[in-house]
Each structure stands twice: as structure tokens, then as C-alpha cells.
Amino acid sequence: MCPRKSIRIKIPKNNMHTMKIIGFVSSPRDGNTKNLTEHALDAAKAAGAETQLIHIGKMNISPCKACDACKKTGTCIIEDDFQEAEKSLSKADGIIFASPVYFGTVSAQMKAFMDRTRTLRRKSILKDKVGGAIAVGASRNGGQETTIRQIHNFYLIQEMIVVSDTKTAHYGGTGVGGAPDDASKDEFGIETAKNLGTHVAELTKKLIH
Ligand SMILES: Cc1cc2nc3c(=O)[nH]c(=O)nc-3n(C[C@H](O)[C@H](O)[C@H](O)COP(=O)(O)O)c2cc1C
């Protein structure tokens, strides 16, 4: 009888998937929403994430026209910048949607982006991804929470997992500012954004590793 050769399976030392957290900013300008999102992503990076900021407010993303073509083909037939943003959204492990407060809710740019993701919902692409929200308004109580609520509603309908900024603002990153650089002086707002970024990263890490 010939001696049996022992088989060794080589397990790579670092076979962990690096978590990717992407912030989607829906202001049409470089201002407060972008500023707080950068703070949130820096905190996520410090917690071990690979991060990216996508400025959807500056992209050409048209609203859904309810043609229902996506129901038949599984893809949206409007050809614009949505396809590029959709690819990033699909590959993210954790997501931060950030919007300025416009009349107590998300900007039109954010709403158009959300509506165009109908195909992702049909395929459950975003299911079980972690989501946090950021909102910046000019008034102290100008609708930051109602805006965040809209983003949370989107996450729930996409079967995602909603996270807070923990014990600062409770609902997510909340900033106050009117002029584009006001949020850079809003220390409490910055703290809420950082806590949100850390929380999104920490939960994502638990889920994917
Ligand atoms: C069309 C429009 C509607 C707005 N509605 C509100 C509002 O309801 N509540 C509020 O606090 N601020 C409101 N603002 C102010 C913006 O939320 C605020 O300037 C914010 O800092 C903008 O963020 P950004 O610098 O990222 O663009 C509104 C601004 C615009 C242009």
C-alpha cells in the first residue's frame, strides 16, 4: 500500500474583504452637505473602511418617468449619469445618503436618484446593506429630522439596515448652516457626522466579516 500524501490547503493570511462605504451627496453645490459627508467618511476610514464620495447633486440624473420599462427588462432605459452612480451603490457595503434640507425634505436631486433605484429594489440588491443619513438645513430646526426620515424610509423600502449617529443627534448627521461654509464651523454637526460614519463602519464590519 502506498503511503497517503497529506493535502495542505493554503489559506491566505488576509482573505478579508475590505468594506466599502460610499457617501452620496445631493446638494447641487460644494457646501455644507459635502463638508459633513467628508467628516463622516473620514471617521468611517478611521474605523477601517475604504471610502468614496459621489456628488450626485452635480451629476445629470433625470427623474423616473414611470414608463415601467424596468419591470420588463430589469434596467432603466433613461441613459444619463444614473448608471455610473448605480454601479457604485450596488457594490457598496455601507451607504451614507446626504441631503440639504429643501422645504423640510430631501433635494430634488436626491429624490430623482432614489426613484431611479427601483430596479435595485426588484432584485433586492441593497438588501441588508447598512445605511446612515445626513441632513443640513439653514435653521436649527429647519427639517433635518424630517429629511433624514425620508432617507430612512428609502432604506427600509430597499430592505436595508438603518443606523443612527448613536448618542449625539440620534437620527443621523444633522448640520446647521446657510452659507456654503457654515457647516465647517458647526462643531456639534461635525460630531454627529463623525459618529454616524463610525457607526455605519462598525456595523458594516460586523456584518461582512
Ligand atoms: C430650495 C431651498 C429650500 C430650502 N429649504 C430649507 C428648509 O426647509 N429648512 C432649512 O432649514 N433650510 C432650507 N434651505 C437652506 C439649505 O438647506 C441650507 O442652505 C443648506 O446649508 C444647504 O446645504 P448645501 O450647502 O450642502 O447646499 C433651503 C434652501 C434651498 C435652496
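Start at helix 3: its buried residues pack against strand 2 (50-54), strand 3, helix 4 and helix 5 (118-122). Keep in mind as you click around that this is a predicted model.

**Stop 1: helix 3**

Select Phe-82, Ala-85 and Leu-89, the buried residues of helix 3. They sit on the same side of the helix because they cover an arc of only 70 degrees around its axis. Now spin the view to the face turned away from that buried side, where you'll find the exposed residues Lys-87 and Lys-91.

**Stop 2: helix 4**

Next, pick Gln-109, Met-110, Phe-113, Met-114 and Arg-116, which are the buried residues of helix 4. Look down the helix axis: these residues fall within an arc of 165 degrees, so they line one face of helix 4. Show what lies over them and you'll meet helix 3 again, and the cover also includes strand 3, helix 5 and helix 6.

**Stop 3: the nonpolar core**

Which elements give two or more residues to the largest nonpolar core? First, its members: there are 47 residues in this core, and Ile-21, Ala-40, Ile-96 and Ile-134 touch the most other members. The elements that contribute two or more residues are strand 1 (20-25), helix 1 (32-46), helix 3 (82-91), strand 3 (94-100), helix 4 (108-116), strand 4 (130-137), helix 6 (144-157) and helix 7. As background, nonpolar side chains in soluble globular proteins tend to be buried together.

Center on Ala-40 for a moment. Leaving aside residues up to four places away in sequence, Ala-40 touches Gly-23, Ile-96, Ile-134, Gly-173, Ala-193, Lys-194, Leu-196 and Gly-197.

**Stop 4: Ala-133**

Move along to strand 4 and select Ala-133. Is this residue buried or exposed? Ala-133 counts as buried because 31 C-beta neighbours lie inside 10 Å, and the cut-off for buried is 20 or more. Draw a distance from its C-alpha atom to that of Ala-98: the two are separated by 5.7 Å, though they are 35 residues apart along the chain. Beyond residues up to four places away in sequence, the contacts of Ala-133 are Phe-97, Ile-148, Ile-151, His-152 and Gly-172.

**Stop 5: around the ligand**

Now bring up the ligand and the 19 residues around it, of which Gly-31, Thr-33, Pro-100, Gly-137 and Gly-142 come nearest. Helix 1 and strand 4 each supply at least two residues of this shell. Color the shell by type and you get seven nonpolar residues, 11 polar ones and one charged.

**Stop 6: His-209**

Go to His-209, in the segment after helix 7 (187-208). His-209 is exposed because there are just 9 other C-beta atoms within 10 Å, and 12 or fewer is the cut-off for exposed. Select His-17 too: it is 192 residues from His-209 in sequence, yet the C-alpha atoms are 7.6 Å apart in space.

**Last stop: zoom out**

Switch to a cartoon of the protein chain and you can pick out seven helices and six strands. Follow the chain along its sequence and the pattern reads β-α-β-α-α-β-α-α-β-α-β-β-α. Its C-alpha atoms fill a box of roughly 85 × 45 × 25 Å along the principal axes. Color by burial, and 45% of the 209 residues count as buried. How about contacts along the chain? Among those between residues at least 6 apart in sequence, 78% join residues at least 24 apart.

How values were computed
Residues are numbered from 1 along each chain as its sequence is written. This is a predicted model: local features need pLDDT of at least 70, side-chain atom pairs count only at pLDDT 80 or more; totals for chains, interfaces and linings use all residues. Helices (H or I, at least four residues) and strands (E, at least two) are DSSP runs, numbered from the N terminus. A nonpolar core is a set of buried Ala, Val, Leu, Ile, Met, Phe, Trp, Tyr and Cys residues joined through C-beta atoms within 7 Å. Two residues are in contact if their C-beta atoms, placed from the backbone, lie within 7 Å. A residue is near a molecule or strand if its C-beta atom, placed from the backbone, lies within 6 Å of it. Ala, Val, Leu, Ile, Met, Phe, Trp, Tyr, Cys and Pro count as nonpolar, Asp, Glu, Lys and Arg as charged, and the others, Gly among them, as polar. The arc is that of the directions from the helix axis to the C-beta atoms.
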